[in-house]
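Reader: I am new to this structure. Please take one part and look at it closely, then follow its contacts outward.

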Amino acid sequence: MSLTMTYTRRYLVEMIRTPVMFLSITMTPVAVMLFFFIPFVGSDATMMTATVGTMMVFAVLLGCVGHFATTVSATRESTWGTYLRTLPGGLAPEITANLLTGLAMVAAAIVPVVAVAAIFTAATASIGQVLLAAVALLATVVTFTLMGLALGYLLTFRAALIVATVGALPLAVAGGMFFDPAEVPALIATIAPFVPTRGATDLVLFALMGQPPDALALVLLVVWTVVFAALLVWGHRRDEGRRFR
């Protein structure tokens, strides 16, 4: 626990010094709402409430995957990262610290987004719904953080940067995040339950609005979380064997 908290303090200090993750999670949904939704459907309470929930999931996808994939891959290629791998702490404290850092950053980023939605849009939800949606969103942080960490351990820095930057949008589109539920193309409707973004979005919207989730999407969200965790452990062990055998 002591080592985990040491890692966590270090990561939080780094995040405060270079708050790219926090800003991306905060500014992405705000910018999308201001430029693409408020001018057209800002007075539609149901549409705006769903938009706020969906955009927060998209922002967490961008922030967590982008930050952890590039940070871990860059650390692995540095002298400091090589030194850290020789220490006896193991993988668990570092991964737990990354998860705690992601949870803290997303929890802080939710506040300004909710404030903007409440002041400038017709989005509506009770305090209980907002808190429940926040818990659901934090649960998705685990999935997307593990995804980013797995990419960081499996790819080089340049490859991780490209995949994290380019891969988020196809995942969001495949999950149906940018479509009206009544007008989702047949292809997207078929593949959406099989990508983690659909399960994450359904979980948050269920908590926020009571919108019935797709059971298959939720089950596969759990499956994806386990898969990302397994890839992370495998990538760490593979890298360790290559560097220190």
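**Helix 5 and its neighbours**

Author: At 35% relative accessibility, A107 counts as partly exposed, because the partly exposed class runs between 20% and 50%. This is a predicted model. A107 lies in helix 5, and helix 5 is the part to look at here. The helix covers residues 92-120. From A107, look across to T79. These two residues are 28 places apart along the chain. Their C-alpha atoms are separated by 32 Å.

Now take the partners of helix 5 in turn.

Start with helix 1, residues 2-17. Its axis and that of helix 5 come within 8 Å. They cross at roughly 45 degrees. The two helices are therefore oblique to each other, since that angle lies between the limit of 35 degrees for roughly parallel and the 65 degrees where roughly perpendicular begins. The crossing of helix 1 and helix 5 is right-handed. On the helix 1 side, the contact is made by L3, T4, Y7, T8, Y11, L12 and M15. Helix 5 brings P93, E94, T96, A97, N98, L100, T101, A104 and M105. Sorted by type, the residues of this contact are ten nonpolar, five polar and one charged.

Next comes helix 2, residues 20-41. Helix 2 packs on helix 5 at an angle of about 25 degrees. The axes are 8 Å apart. That makes helix 2 roughly parallel to helix 5, because angles under 35 degrees count that way. The crossing of helix 2 and helix 5 is right-handed. From helix 2, the contact takes in M21, F22, I25, T26, P29, V30, M33 and I38. From helix 5, it takes in G102, M105, V106, A108, A109, P112, V113, V116 and F120. What kinds of residue meet in the contact of helix 2 with helix 5? There are 15 nonpolar and two polar residues, and no charged ones. M105 is named in the contact with helix 1 and again in the contact with helix 2.

Then there is helix 6, residues 127-154. The axes of helix 5 and helix 6 come within 9 Å. They cross at roughly 135 degrees. That makes helix 5 oblique to helix 6, since the angle is above 115 degrees but not over 145. This crossing is right-handed. Helix 5 offers E94, I95, N98, L99, G102, L103, V106, A107 and I110. Helix 6 answers with A134, L137, L138, V141, V142, T145, L146, L149 and Y153. By type, that contact holds 14 nonpolar, three polar and one charged residue. A107, the starting point, is among the helix 5 residues touching helix 6.

Follow helix 6 a little further. L151 lies in this helix. Is L151 buried or exposed? L151 is buried, with a relative accessible area of 16%. Leaving out residues up to four places away in sequence, L151 touches V65, A69, A160 and V163. T28 sits 123 residues away from L151 along the chain, with 22 Å between their C-alpha atoms.

V65 and A69 lead to helix 3, residues 45-76. Its 32 residues should span 46 Å at 1.5 Å a residue. The end C-alpha atoms are 46 Å apart, which agrees. Of those 32 residues, 24 are buried, so helix 3 is largely enclosed by the rest of the structure.

M55 gives a view inside helix 3. M55 is buried, with a relative accessible area of 2%. Beyond its neighbours within four places in sequence, M55 is in contact with P29, V32 and F178. P29 is also one of the helix 2 residues that meet helix 5. M55 and A172 are 117 residues apart in sequence. In space, their C-alpha atoms are 10.0 Å apart.

One last stop is V227. V227 lies in helix 10, residues 215-244. V227 is partly exposed, with a relative accessible area of 34%. Its C-alpha atom is 9.5 Å from that of A150, although the two residues are 77 places apart along the chain.

Terms used. Residues numbered from 1 in each chain as written. Predicted model: local features only at pLDDT ≥ 70, side-chain atom pairs only at ≥ 80, totals over all residues. Heavy atoms only, no water. Axes fitted to C-alpha atoms, helices over the stretch in contact; angles between N-to-C directions. Helix = DSSP H or I, 4+ residues; strand = E, 2+ residues; numbered from the N terminus. Left-handed = near helix turned anticlockwise from the far one by under 90°. Contact = heavy atoms within 4.5 Å. Nonpolar A, V, L, I, M, F, W, Y, C, P; charged D, E, K, R; others polar. Expected span 1.5 Å × (residues − 1). Buried < 20%, exposed > 50% of the residue type's maximum accessible area, 1.4 Å probe, protein only.
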